[in-house]
Amino acid sequence: MEGETEGLVAGLARLLQTVRLELEVAEGDAGGGVLVWEKRRHPVAELCLDGIDAEAREAELMAVAAAFEAAVKYPGRVVAGETLRQGAAALLPKVERKRFVRAYDAVVRGRGGDLEDEGLYWRDLGADLVAAYVQDEGWKFNYVPRGRVRGWDASPDTVHSIGRSNLYHKAALDHRASEITMADGYDAARSVLCDDVFYDRIGADGIEVAVPGRDVLMIGPGLDAAAVRQAYEASKYPISPRILRFFGGSLTG
């Protein structure tokens, strides 16, 4: 078990190095560490490497690395007096593994932040996946924290609906497509648009989908497990190696 943990820590460190983040692991049993970026030190409350899904090991490690990078480089901020209309104009959803939330919040906790204000705002999609939200204005990119949404005084359904609407209008999708690969960082997130785009394929028990990586969405029926796994292994940002089922806004599988 100790060797497995060391392997996970080494794998995480290698991923972080690709985005110019250095990982210093805390000594003892605390389980945390420090992220170093441009000579600034960012404590992390925990490395979030316990209970890794062995079948999705690469995606689990990527979720932690990506969340650490996001919390250090693109942290959310609370804007006093901001209205829903102002704040949600550039709101977009991003599909991540649930571990992403935990890792993002570990950085917030490490710097002594209040999770109710600075913690990541997210929505559970099922199948160990979540929708996180970003404000993407092209030249500026930030994750949305809980405190900012609280200031909008909007329900979770309203926030998700606005994000879906913005994503729907971001690019036209071919309703006949079996694979979406626009490579703009939001292809996996387009799984939340199945009711809007691929409604004619949704049966009584929903529709088969796969999100093997951030930049690919596969839509059934008749998805091939081997093809999904191959796409997952080829992805630079893997998410899930499984065939899922979208129904009623949620994912199972």
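Is Arg-97 buried or exposed? In this predicted model, Arg-97 turns out to be buried, with just 3% of relative accessible area. That is a handy place to start, since Arg-97 also takes part in a salt bridge: its side chain meets that of Asp-128, with N and O 3.2 Å apart. The two partners come from distant parts of the chain, 31 residues apart. Arg-97 belongs to strand E4 (residues 91–97), while Asp-128 sits in the loop between strand E5 (122–126) and strand E6 (129–136). Asp-128 counts as partly exposed because its relative accessibility is 33%, and the cut-off for buried is under 20%. So the bridge joins a buried arginine to a partly exposed aspartate.

This pair is also part of a wider arrangement. Arg-97 and Asp-128 belong to a network of salt bridges that also takes in Asp-53, Glu-55, Glu-60, Arg-99 and Arg-242. One of these, Glu-60, falls within helix H2 (residues 57–73). In general terms, side chains of opposite charge can pair when their charged atoms come close. Across the whole structure, the search turns up 26 salt bridges.

Another of the pairs bridges a long stretch of sequence. Arg-102 forms a salt bridge with Glu-46, and the closest N and O atoms are 2.8 Å apart. Here the partners are 56 residues apart: Arg-102 is in helix H4, and Glu-46 is in the loop between E3 and H2. Arg-102 counts as partly exposed, at 29% relative accessibility.

A more local case is found in helix H9 (residues 225–234), which holds both Glu-233 and Arg-229. These two are four residues apart, or about one turn of the helix, and their side chains meet in a salt bridge at 3.2 Å, N to O. Glu-233 is exposed, with a relative accessible area of 57%, whereas Arg-229 counts as partly exposed at 25%.

Turning to the strands, E1, E2 and E3 make up an open sheet, in the order E1-E2-E3 and with antiparallel pairing. The edges are taken by strand E1 (22–25) and strand E3 (40–44), each of which pairs on one side only. On average, neighbouring strands of this sheet are turned by 25° against each other, direction ignored. As a general point, strands of a sheet pair through backbone hydrogen bonds, either parallel or antiparallel.

The E2 and E3 pairing can be followed residue by residue. Strand E2 covers residues 33–37, and its antiparallel pairing with E3 runs over five bridges. Gly-33 stands opposite Val-44 in E3, and Val-34 faces Pro-43 in E3. The hairpin formed by E2 and E3 has two residues between the strands, and in this hairpin Glu-38 adopts a positive phi near 50°.

Two helices lie across these strands. Helix H2 lies across E2 and E3 and runs at about 60° to E2. Helix H4 (residues 98–110) also lies across E2 and E3, running at about 110° to E3. Helix H4 is the element that carries Arg-102, the partner of Glu-46.

Finally, the cysteines. Cys-48 counts as buried, at 2% relative accessibility, and Cys-194 is likewise buried, with a relative accessible area of 0%. The count of disulfides comes to zero.

Technical notes: Residues are numbered from 1 along each chain as its sequence is written. This is a predicted model: local features need pLDDT of at least 70, side-chain atom pairs count only at pLDDT 80 or more; totals for chains, interfaces and linings use all residues. Side-chain values use heavy atoms; hydrogens and water are left out. Two strands pair if DSSP finds at least two bridges between them. Axes are lines fitted to C-alpha atoms, for helices over the stretch in contact, and angles run from 0 to 180 degrees between N-to-C directions. Contact means heavy atoms within 4.5 Å. A salt bridge is a side-chain nitrogen of Lys or Arg within 4 Å of a carboxyl oxygen of Asp or Glu. Buried means under 20% relative accessible area, exposed over 50%, partly exposed in between (1.4 Å probe, protein chains only). A disulfide is a pair of cysteine sulfur atoms within 2.5 Å.
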